[in-house]
Amino acid sequence: MSVKRIFAALLLLLMAFSANVMMAQQMELPIDEAVRIGKLDNGLTYFIRHNNYPENRADFYIAQRVGAMQEEDSQNGLAHFLEHMAFNGSEHFNGEGHGIIDFIQSIGLNFGADVNAFTSFTRTIYLVTNVPTTRQGVLDSCLLVLKDWSHGLLLTDEEIDKERGVIHEEWRLGRDASERMNNRQRDNLFPGSKYAKRDVIGSMDVVDYFPYQVLRDYYHKWYRPDNQALVIVGDVDVDYIEGKIREMFKDIPAAAPDAAQVEDYPVPDTDEPIVVIEKDVEQQLSIVNILFKHDIVEKEQRNSVGYVVMDYMKEMMSSMLNQRFQEKTQDADCPFLQAYAFDSSYMGANTKDAFYLIAVPKEGMTQAATQAVLTESLRAAKFGFTDTEYERAKESYMSRLDRQYNEREKVHNRTYAQKCYSHFLENEPMMSIEQNYELMKQIVPNIPIEYINQVLPELINLDGKNLVVANYNQEKEGAVYPTKEELMAAVTAAENAPLEAYVDNVKQEPLMAKLPKKGKIVKETYNETLGYKDLELSNGVHVQLKSTDFKKDEIFMLARQRGGSSLYGEKDWANCEMFDNAIEYSGLGGFNNIELRKALAGKRVNISQSMSTYEDYVSGSSTVKDLETLFQLTYLQFTDVTRDDKNYNTLLNQIEISLKNKDLDPDNVFTDSLSYIMGNYNWRSKPFQIEDMKNLSYDRILEIGKERTANAAGYDFMFVGSFDEAVIRPLIEQYIASLPAKKGVKSNWVNVDETPIGQTIKHFSRKMETPKTTMFITWFDKQMPHTLENSIKAQLLGKVLNRINRDKIREDAGAAYSISTYGQSSLSGDNTTTSISAYAPLKPEFTDMAIQIVNEEMIKACETIDAASLEDFKKAMLKDHETSLKENGYWYNIISTYATRGLDLCTGYEDLVNAQTPETIAAFARQILSAGNKLEVVMTPAE
Ligand SMILES: [Zn+2]
């Protein structure tokens with residue numbers, strides 16, 4: 001339909017205005033030359049790319065061009081079931097202690113974070129990432145894992161039976177309100193399409209009872225070399241990997257000549273509007289989705305300049321429309337709280353796209369909100385966007401492009417890997433960053449606003465053809481829901497409403513009209529151990545500087561002081577709870593929030609102010625180019641927060657609606673109850689409820705903000721990243737040494753800790769739509785000091801217990817889809833807490849059993865720790881630490897903790913990890929347990 005038309009017109013336009021090199025290349029896009037692409041005789045495709053960010057690491061992927069759409073009805077859910085079975089026994093990784101999970105753990109990888117798999121309608125992707133590359137044997141073994149996934153899964157009866165429970169629990173976990181409502185409507189949303197019959201997780205009747213052979217049939221029918229691609233990216237020798245692949249994978253048989261071919265399943269066009277109205281008692285917000293279905297760009301045409309240009313134009317259009325939506329929400333009479341536009345695949349189908357308009361209506365205003373988002377969109381379609389809006393959108397785009405180009409040597413393996421498999425699966429472009437940069441630098445300045453303004457009118461079509469209106473509501477007694485007729489009447493009303501053009505109001509002033517009087521750097525010292533400079537400024541402020549080259553274009557700033565909400569009493573509780581949000585919704589330096597946003601368009605910089613119980617923070621980040629803007633924003637955050645009543649009211653509306661129905665979601669009830677119990681029912685730990693809103697005062701929040709920033713000398717400032725010292729020093733003198741400060745005066749916190757000591761056991765039940773139990777158990781010690789050693793021990797103990805709990809509760813009993821057990825040592829104000837905790841959503845029948853396992857294993861850990869398991873996790877921690885040492889975010893925490901608390905959480909890390917033995921960890925477990933503090937909170941479904 002119409003989109004094809006623009007597409008064709010665009011190609012002609014591009015040809016006409018640009019007769020130069022790149023465009024003349026028959027519009028085909030170049031392919032990243034650093035990627036070695038090949039295909040074996042049996043049809044297996046491979047992509048190999050060298051990349052040394054991070055050093056000595058590589059990622060291994062296998063992408064299958066098949067998913068839930070390839071299932072027969074008797075196999076509904078088995079594409080995903082098969083993905084789980086890939087970890088339960090294969091030709092080379094079989095048996096107790098020899099499985100794929102055991103192997104990957106033995107090389108220091110984490111199941112879940114480093115090794116995982118994903119199934120969708122049309123693809124299944126498996127990955128082993130962050131593999132250490134220094135030993136060739138490890139690389140060979142990873143290729144062997146990929147080989148087993150492609151062709152060597154055992155799929156034994158016993159393992160299949162064990163996995164049924166796990167998948168059933170995954171289904172239970174995913175059955176939230178939106179999942180339930182969407183499932184009820186699949187037939188209506190996908191009339192005449194196989195997409196109506198599949199949802200990836202599948203039918204539990206199939207999952208619980210399918211005959212073994214049905215799964216094996218799916219595997220052998222679809223997992224074949226012609227449907228598979230290997231992707232290996234990282235610090236590897238490309239020739240070596242290629243040779244290995246050719247040798248190891250050549251014997252996998254090719255598909256038989258009459259083998260079934262992967263088909264795409266169409267989503268037919270519809271002549272009449274589809275209107276869907278759904279409700280669910282656990283749904284928290286009303287939502288209206290207005291979708292305009294349209295054809296996809298055919299795979300064969302995607303690797304083209306036209307496709308990239310089309311993408312750019314749609315992105316510009318959506319971002320400008322979204323800005324207008326946001327501005328609109330500030331009008332007191334705007335019927336929606338939020339609205340958002342984007343173009344994407346139609347509900348996950350790969351054969352149909354849709355332009356989405358999504359609105360969150362104010363209560364009871366669904367019809368008006370539907371009309372309003374359409375009206376705004378029609379306004380933009382009719383009159384177009386303005387030059388100034390486009391200028392800003394373009395600047396943002398270009399600054400992102402520049403940043404990407406500047407960081408081209410620091411691209412993570414996974415980013416390259418995704419490009420490779422998307423190219424294989426969907427023929428998405430696979431340009432290098434340089435190629436993309438060169439191309440877009442030529443294209444962007446040559447796309448005038450007139451072209452962009454043609455996009456929206458082509459996408460929005462109100463004649464009812466391919467229109468889908470889907471409305472989701474919160475179900476409660478006495479509620480009135482819109483009817484189909486009313487929703488369609490809103491569409492017609494928008495179509496017939498008189499429209500006026502949008503006026504773009506922009507404040508044409510510099511962020512700071514006048515610079516403050518400069519101060520000086522008066523003293524500097526160097527910290528040898530952690531490698532940073534400490535500057536003392538003339539106003540008494542301290543600044544820590546660590547210049548790094550981990551990234552080329554990334555600078556982080558953090559300023560923190562003692563104080564926080566601990567200094568405020570119960571009457572300010574609500575104001576403190578809402579402090580971060582209210583400040584974020586305010587303006588700076590005389591600019592209101594929207595004006596500020598517009599003034600910062602094209603700059604990659606952000607700033608925020610916040611408070612925790614014990615500390616105050618001002619933090620931000622920027623690129624090298626925008627560093628001075630970051631300094632100006634910081635100065636203004638300390639001296640000139642601008643009230644913005646309109647935007648504050650928008651915030652109140654949003655908070656009100658989110659609080660109103662918050663308790664409908666059982667997960668929220670659990671989290672709120674847990675924090676309240678952990679705070680010993682003190683008012684400070686109370687869940688924020690709608691009735692607390694009456695205690696909010698914007699005046700008071702702004703006043704608290706002023707109090708928190710009145711004395712910059714209370715703060716330590718820190719900068720980490722790719723700055724040049726010669727550039728940053730004058731900026732520090734100009735904007736930080738000039739901040740109002742009382743030299744030598746520091747604020748402090750007040751201790752307000754009320755954690756219940758001893759044994760606290762709370763079990764409660766609650767009515768829920770899909771019954772599940774949620775369990776949280778923690779043992780803690782408040783005496784043990786917060787040190788690097790204790791932190792390492794706690795983490796190791798947590799990891800060892802996590803493996804045991806996962807094996808027993810998930811793998812053996814099928815009682816949970818996931819369980820997470822973790823240890824940590826933390827410092828909050830003057831309070832240290834060292835703890836071991838376990839959290840899991842459970843199958844209700846297995847609640848007691850799971851609680852018993854968690855308890856028993858903690859007691860057993862006091863006696864013995866499995867040595868092999870401990871060695872695996874030591875390896876994993878050392879490997880992760882090595883990676884962290886080259887990340888700005890890591891140093892941000894380390895230096896800031898050292899500068900403000902005198903705690904060095906870095907030096908000696910390797911030695912401390914290596915020093916741990918089963919005995920030291922068991923002794924540590926005894927110490928935690930003997931502290932005698934335990935908290936157990938369990939929420940079960942009510943009858
Ligand atoms: Zn799964």
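Reader: What is the strand order in the open sheet of five strands that has strand 7 in it, and what is the pairing?

Author: That open sheet has the order 7-11-8-10-9, and its pairing is mixed. Strands here are DSSP runs (E, at least two residues), helices are runs of H or I with at least four residues, and both are numbered from the N terminus. Two strands pair if DSSP finds at least two bridges between them. The model is predicted: local features need pLDDT of at least 70, side-chain atom pairs count only at pLDDT 80 or more, and totals for chains, interfaces and linings use all residues. Residues are numbered from 1 along each chain as its sequence is written, and side-chain values use heavy atoms, with hydrogens and water left out.

Reader: Which are the edge strands there?

Author: Strand 7 (274-280) and strand 9 (336-345) are the edge strands, each pairing on one side only. From one strand to the next, the twist averages 15°.

Reader: In what sense do strand 7 and strand 11 pair?

Author: Strand 7 pairs with strand 11 (residues 467-474) in the parallel sense, over seven bridges. Within this pairing, Glu278 has Tyr472 of strand 11 as its bridge partner.

Reader: Which strands does helix 12 lie across?

Author: Helix 12 (residues 305-328) lies across strand 8 (287-294), strand 9 and strand 10 (353-361), and it runs at about 170° to strand 9. Such angles run from 0 to 180 degrees between N-to-C directions, with axes fitted to C-alpha atoms, for helices over the stretch in contact.

Reader: Changing topic, which residues coordinate the zinc ion?

Author: The zinc ion is coordinated by His80 (NE2), His84 (NE2) and two OE atoms of Glu170, at 2.1 to 2.5 Å. Donors are N, O and S atoms within 2.8 Å of the metal (3.2 Å for Na, K and Ca); water is not among the atoms, so sites may look incomplete. The sequence spacing of the donor residues is H-x3-H-x85-E.

Reader: Why is the arrangement irregular?

Author: The four donor atoms subtend angles of 55 to 144° around the zinc ion, which makes the arrangement irregular. Four donors count as tetrahedral if all angles lie between 85 and 135 degrees; four count as square planar and six as octahedral if opposite donors are over 155 degrees apart and all others between 65 and 115; anything else is irregular.

Reader: And the two histidines, are His80 and His84 buried or exposed?

Author: His80 is buried, at a relative accessible area of 5%, and His84 is buried at 7%. Buried means under 20% relative accessible area, exposed means over 50%, and partly exposed lies in between (1.4 Å probe, protein chains only). Both histidines belong to helix 3 (residues 78-85), where being four residues apart separates them by about one helical turn.

Reader: Where is Gln75, and what is it in contact with?

Author: Gln75 is in the loop between strand 3 (57-64) and helix 3, and counts as buried at 6% relative accessibility. Leaving aside neighbours within four places in sequence, Gln75 is in contact (heavy atoms within 4.5 Å) with Gln70, Val206, Val214, Asp217 and Tyr218.

Reader: How many residues are in the largest nonpolar core?

Author: The largest nonpolar core has 58 residues, and Phe60, Val128, Trp149 and Ile232 have the most contacts inside it. A nonpolar core is a set of buried Ala, Val, Leu, Ile, Met, Phe, Trp, Tyr and Cys residues joined through side-chain atoms within 4.5 Å. Helix 5 (residues 136-151) gives the most to this core, with seven residues.
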